[in-house]
Structures are given as C-alpha cells and as structure tokens.
Amino acid sequence: MDRVGAGDSFTAGFLYGWMKEKDVEKGVRYGNAFAALKHTVPGDLNWCTVEEVETQLKGAGLRISR
C-alpha cells in the first residue's frame, strides 16, 4: 500500500542528497531512506530529521528509535 506523502518524501530526500553531494546516487539513497522513514510516521507529513535519515543510511537496520 502506498501511503500518502511517501512520494513527496522521496522527492524531498532526493533533492536534498543531490544538492548536498552533487551526486545522483546519493540523492536516490537519501530519497529511499526518507520515504522509508515516512512509513513509520502517522499522518500525511514526514516529521523525520536529517539525523534519522543519515542513521538509516549508515545501516541502522529495521529498528527506528525515536
């Protein structure tokens, strides 16, 4: 099931990663992590932080600590 806001979260993460690193692969990784974290937040808005996204990128696993 596609939750509302996951696509927007991917786009936001992609743009952040791409603009920060000037690297499309980094953009895709940030987009994937941000969209995945969106699925852990109730509602339509993504309240994840950059620190949470970067923790996921480092391989934090399936457990999300808030």
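Guide: Let's start with a term: a nonpolar core is a set of buried Ala, Val, Leu, Ile, Met, Phe, Trp, Tyr and Cys residues joined through side-chain atoms within 4.5 Å. Buried means under 20% relative accessible area, exposed means over 50%, and partly exposed is in between (1.4 Å probe, protein chains only). This is a predicted model, where local features need pLDDT of at least 70 and side-chain atom pairs count only at pLDDT 80 or more, while totals for chains, interfaces and linings use all residues. Residues are numbered from 1 along each chain as its sequence is written, and side-chain values use heavy atoms, with hydrogens and water left out.

Visitor: Which residues make up the largest nonpolar core here?

Guide: Seven residues do: Tyr30, Ala33, Phe34, Leu37, Val41, Cys48 and Val53. Helix α2 (residues 24–38) supplies the largest share, four residues.

Visitor: What makes a stretch a helix, and how many are there?

Guide: Helices are DSSP runs of H or I with at least four residues, strands are runs of E with at least two, and both are numbered from the N terminus. The chain has three helices and zero strands, in the order α-α-α. Of its 66 residues, 27% are buried.

Visitor: How do you know that Phe34 is buried?

Guide: Phe34 has a relative accessible area of 16%, and the cut-off is under 20%, so Phe34 is buried. Phe34 sits in helix α2. Contact means heavy atoms within 4.5 Å, and beyond four places in sequence Phe34 has such contacts with Ser9, Ala12, Gly13, Asn46, Cys48 and Val53. Another core member, Ala33, is in contact with Val53, Gln56 and Leu57, again leaving aside neighbours within four places in sequence.

Visitor: Ser9 is polar by name, so to speak; why is Ser9 called buried?

Guide: The label rests on area alone: Ser9 has a relative accessible area of 5%, and under 20% is buried. Ser9 is in helix α1 and touches Gly31, Phe34, Ala35, Lys38 and Asn46, not counting residues up to four places away in sequence.

Visitor: What makes the pairing of the Ser9 and Asn46 side chains a polar contact?

Guide: A polar contact is a pair of N or O atoms within 3.5 Å; within protein, one must be able to donate a hydrogen and the other to accept it, and residues adjacent in sequence count only if both atoms are side-chain atoms. The Ser9 and Asn46 side chains are 3.1 Å apart, so the distance passes. There's also a cap on α2: a side-chain oxygen of Asp23 lies 3.3 Å from the backbone nitrogen of Glu25, at the N-terminal end of that helix.

Visitor: How do you know that the buried residues of α1 line one face?

Guide: The buried residues in α1 are Ala6, Ser9, Gly13 and Gly17. Down the helix axis they fall within an arc of 60°, so they line one face; the arc is that of the directions from the helix axis to the C-beta atoms. These residues pack against α2, whereas the face turned away carries the exposed residues Asp8 and Met19.

Visitor: What is the span of α1 set against?

Guide: The expected span is 1.5 Å times one less than the number of residues. With 16 residues, α1 reaches 22 Å from its first C-alpha to its last, close to the expected 22 Å. For α2, with 15 residues, the reach is 21 Å, close to the expected 21 Å.

Visitor: Why is the Lys20 and Glu54 pair called a salt bridge?

Guide: A salt bridge needs a side-chain nitrogen of Lys or Arg within 4 Å of a carboxyl oxygen of Asp or Glu. Lys20 and Glu54 meet at 3.0 Å, N to O, so the pair qualifies. Lys20 lies in α1 (residues 6–21) and Glu54 in α3 (residues 50–57), so the pair ties together parts that are 34 residues apart in sequence. A search of the whole structure finds one salt bridge. Side chains of opposite charge can pair when their charged atoms come close.

Visitor: Where do Lys20 and Glu54 fall on the accessibility scale?

Guide: Lys20 has 42% and Glu54 has 24%. Both values sit between 20% and 50%, so both residues are partly exposed.

Visitor: Why does Asp44 count as exposed?

Guide: Asp44 has 54% relative accessibility, and exposed means over 50%, so Asp44 makes the cut. Asp44 is found in the loop between α2 and α3. Leaving aside neighbours within four places in sequence, Asp44 is in contact with Val4, Gly5 and Lys38.
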